Amino acid sequence: HQPSMTSASSPPDEVELRQVSELRPFHSPGSAIHAGHDGRHVICQRNTSDGSSLFVVDTTDCGIRRELVGQTEKVTAVAVSPADSAVYTANKELLLRRWDWQTGETGSTWRSFHRSPITLLAVSEDGRRLASGSSDGAVRLWDRGNGDTRPCRGHSGLLSLLRLAAGQLFSADGHDYRVRVWSATSAELGGALEGHQSAVTGLCLMDEGRAVTSGRDQVLIVWQLSNYSRLATVPTDESLECCIRAPAGLAESLGLGAVAGGLVLTGGQSGRLKFWDLSSSRRRCLLELSRGDGGQSGGGGGGGESAEYSPGSVQCALTLGDGLLVARQAGSVELYSGSGRLEAEWCGALGEVTCVLAGPPIGDASATRLLLATDSGPFLRVFLWRPGDSADWRCRSLQLHGELDSLICCSLLPGNRLLTAAKGGRVRLHRLEVAGQSLAGVRAVHIGDLEPGHEGHVTALAATADGNMAASACETPVIKAFRITDSGPTVVAMVTRPHEKAVNCLAVSPNDTLLAAGSRDKSVSLWSLPKLRPIGRLSGHKRGVWSVKFSRHQQLLASVSADCCARVWDLRDLSCHRCLQGDHPLYDLDWLGSQHLVTVDQSGLVRVWSVRDRAPVATREGHNGRAWCIASLGDAAPAADATDEGTSGSGGHWLTGGEDGRLLLWRDATAEAVAERAEARADALAREQRLQNLLGSGRLAEALALALSLAQPSRARGIVADLVAASGCGRLDPQLVRGLDEPLQQRLLEFSAGWNSNSRTCHEAQCALHALLLVRTPQQLLAWPSVRRHLPALLAFTERHERRAQQLAACRHLIRLLAADPAA
């Protein structure tokens, strides 16, 4: 889907590429998500190599409303007050800090008195008390009302749980697995809950003075807090990461009815949300919600077969109004309504994006499906995008059938079919089932695998336009061509050792007759389809080739390499038609028309190159780090007058992904930019003509305002000189300056700073400054952002002019004295 865009009104090499929207990661897997007191916003922690940030996310549309900045070091623990908008953070400097997540302002900062990094924080229901726990087992209680602090001594290892509730502090030791219960006011130890055989991960308070704890020892334990006794131990058949009290409205909507004491909701290794009735003698699982689709299954609750956590494992669950918010190990965040239905899903952390694809329209041409594979696990993230919209970054995470390894590359075929390749060497064919035009209706049905599969990791996939043939390559290196049928892919040809090193990329020509393969051995090979007969080899790159693409309108092939070059090859004689020299290794490319290339590189830049001039014509900053892939959304139809010399027009979109986990949506806005520049030139000419008319008619006040708006300092100075001369008093009328808008007054101040640096124009500058000081107070002037930048120069030159004026006055006095006494 490569757009061809031609515009007769734009020069051949004038291209404008604009960023439309972006998907930013806002959550790091393993870190907790906290609910705001309003039941609408959540506060998420994002860790990077440079530091940490806290994001305030609105759950209605998953929009990042605010980023709490100022974190130059790693944040080790976060807690959010359930009573107000306070957020407490602990950093590696062992400092505690209070933030306001509604305003983004930082409050007080104080020493924690801990000797080891703080790993856990907890806030009481009223927001008055704060608890902190460090990696050496030390726990401290803080009274935010009077600043009092008390230690809780008795732990011997890393804490796995810290919670303030019902006037008590619960802390779980990761060494002896006991849950100690302290008084939240006096910090006195009341007792301990002993029974777990592994780390305690969750605690929820129930009715009648009971509590429930969960752990990685695959059990739930029911406690009586009055005497710290164990009432029951319930096996769960899976390691648990969270344990909360289920919302009553959700339980009722799911048909569970009212249960005495309430229901307990758990999540962990299996990825399923389980509802437990722990009040009766049976103490069993009543209901399971399967991952993603809200599907229900009966009680019993079977866990995963492996002790390892899968990417779909539940890491955190919290109540949000009547619904639930669930974070998974893969970085996805799910919002369930009060009825148990999956309302929305977002990518809190995408991981390193290695492949982006654009699918065919769903139903009609008004919607396009976007697919991308990441390096974080066996998930395919599905997004919906409609031309004309900025983007809706709600997604659908599909874990493909039987896939446990990370996906490397994918290829879309007609008929909603999908080819995927993973690190295990498997090439699989799926059918995407789409019910309606919503993400909830997207399913991936496994059709079949390529047999025999590859022995090494699959590195590239490419399919013909009709979807009947495809090719795959692996690191061995081996290239296989296979036919795609309703029952699955079947190998028809295979080439062993097509290159000296692994094949990085494949591409099929528009007429489905040629296959191009780029390799780490610095060359590109051409093969005929379907028999994979060799045609030729293209040599010239000095490092490995990362991507190859055929041109849609000419017999050209483009390739990019880690040698910072993009080469365009003429397929008629297999010669290098053009070499475009860059300054960073290039990783992927796409054609824009037939005379331009769009590339992404190691520094995260997105560039548009002119093939004819061998130079970039547009460069945009994009990703923080390497940009791995680019895909055209195919939303621009070929122009009717497109020729081989055609150029870009407007309307095409591209999606880029990189190692920073961001997705950027770009648009070709060349025609729009040309029209904007033409309109700006016409407007400038019209205003210039009006300025000439105002000067000719002697309307100097209006002319000054227009000259300032046109940013013409020389013209404005001449008008100021005429106004000073016309005043008769050698000054600029303050009422005239008062009639200017504040932005024009600021510009007059900026121009005056420049005039004041020259002795020939300093008189006009001093007149303008004098008038500004009469109509604006010093406090108002200092509030302007440009004043502090120009103030030192203004003071220095003004003092110099004053000394020159004093010298001139002294000379004039001496001349008068000499003229008055001829004898002298």
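# Notes on a predicted chain of strands and helices

1. In the protein chain, 48% of the contacts with a separation of 6 or more are made by residues 24 or more positions apart. The structure is a predicted model, and every value in these notes should be read with that in mind. The chain holds nine helices and 57 strands, and its C-alpha trace spans about 125 × 85 × 45 Å along the principal axes. Of the 824 residues in the chain, 53% are buried.

2. The UniProt record, in an unreviewed entry, lists "repeat: WD" for residues 68–109, 111–143, 193–233, 496–529 and 538–572. Two of these spans can be described from the model. Residues 111–143 are 55% strand and 0% helix, with end C-alpha atoms 14 Å apart, while residues 538–572 are 57% strand and 0% helix, with end C-alpha atoms 12 Å apart.

3. The same kind of annotation is available further along the chain, where the unreviewed UniProt entry gives "domain: U3 small nucleolar RNA-associated protein 13 C-terminal" for residues 688–815. In the model, this span is 79% helix and 0% strand, and its end C-alpha atoms lie 47 Å apart.

4. How do helix α3 and helix α6 pack, and at what angle? Two packed helices are described by the angle between their axes and by the distance between those axes. For α3 (residues 700–709) and α6 (residues 742–755), the angle is about 75° and the axes are 9 Å apart. Because angles from 65 to 115 degrees count as roughly perpendicular, α3 is described as roughly perpendicular to α6. On the α3 side the contact involves Ala-705, Leu-708 and Ser-709, which meet Leu-744, Arg-747, Leu-748 and Phe-751 of α6. The residues of this contact comprise five nonpolar, one polar and one charged.

5. Helix α7 (residues 762–775) allows a simple check of helix length. Its 14 residues, at 1.5 Å a residue, should span 20 Å, and the end C-alpha atoms are indeed 20 Å apart, so the expected and modelled spans agree. The buried residues of α7 are Cys-762, Glu-764, Ala-765, Cys-767, Ala-768, Leu-769, Ala-771, Leu-772 and Val-775. When reading such a list, it helps to recall that an α-helix has 3.6 residues a turn, so residues three or four places apart point the same way.

6. Is Val-611 buried or exposed? This residue lies in the loop between β53 (605–610) and β54 (615–621), and its relative accessibility is 2%; because buried means under 20%, Val-611 counts as buried. Apart from neighbours within four places in sequence, Val-611 is in contact with Val-568, His-577, Arg-578, Leu-580, Trp-591, Gln-595, His-596 and Leu-597. The C-alpha atoms of Val-611 and Cys-579 are separated by 8.4 Å, although the two residues are 32 residues apart along the chain.

7. Gly-262 offers a second loop residue to examine, found between α1 (248–253) and β23 (264–268). At 16% relative accessibility, Gly-262 also counts as buried. When its neighbours within four places in sequence are left aside, Gly-262 is in contact with Met-206 and Arg-245. Its C-alpha atom and that of Ser-279, which is 17 residues apart from it along the chain, are separated by 7.8 Å.

8. Which peptide bond leading to Pro-477 deserves a look, and is it cis or trans? The bond from Thr-476 to Pro-477 is cis, with omega near 5°, and Pro-477 lies in the loop between β40 (469–474) and β41 (478–485). Another cis peptide bond joins Leu-529 and Pro-530, where omega is about 10°; Pro-530 is placed in the loop between β45 (523–528) and β46 (533–539).

9. The backbone angle phi is worth checking at two residues that are not glycines. Gln-218 has a positive phi of about 65° and sits in the loop between β19 (210–215) and β20 (219–224), where it is partly exposed, with a relative accessible area of 33%. Asn-416 has a positive phi of about 55° and is found in the loop between β35 (407–413) and β36 (417–422); with a relative accessible area of 25%, Asn-416 is partly exposed.

Terms used. Residues are numbered from 1 along each chain as its sequence is written. This is a predicted model: local features need pLDDT of at least 70, side-chain atom pairs count only at pLDDT 80 or more; totals for chains, interfaces and linings use all residues. Side-chain values use heavy atoms; hydrogens and water are left out. Axes are lines fitted to C-alpha atoms, for helices over the stretch in contact, and angles run from 0 to 180 degrees between N-to-C directions. Helices (H or I, at least four residues) and strands (E, at least two) are DSSP runs, numbered from the N terminus. Angles under 35 degrees count as roughly parallel, over 145 as roughly antiparallel, 65 to 115 as roughly perpendicular and the rest as oblique. Contact means heavy atoms within 4.5 Å. Ala, Val, Leu, Ile, Met, Phe, Trp, Tyr, Cys and Pro count as nonpolar, Asp, Glu, Lys and Arg as charged, and the others, Gly among them, as polar. UniProt positions are given in the numbering used here, feature names are shortened, and annotations may be inferred rather than shown by experiment. The expected span of a helix is 1.5 Å times one less than its number of residues. Buried means under 20% relative accessible area, exposed over 50%, partly exposed in between (1.4 Å probe, protein chains only).
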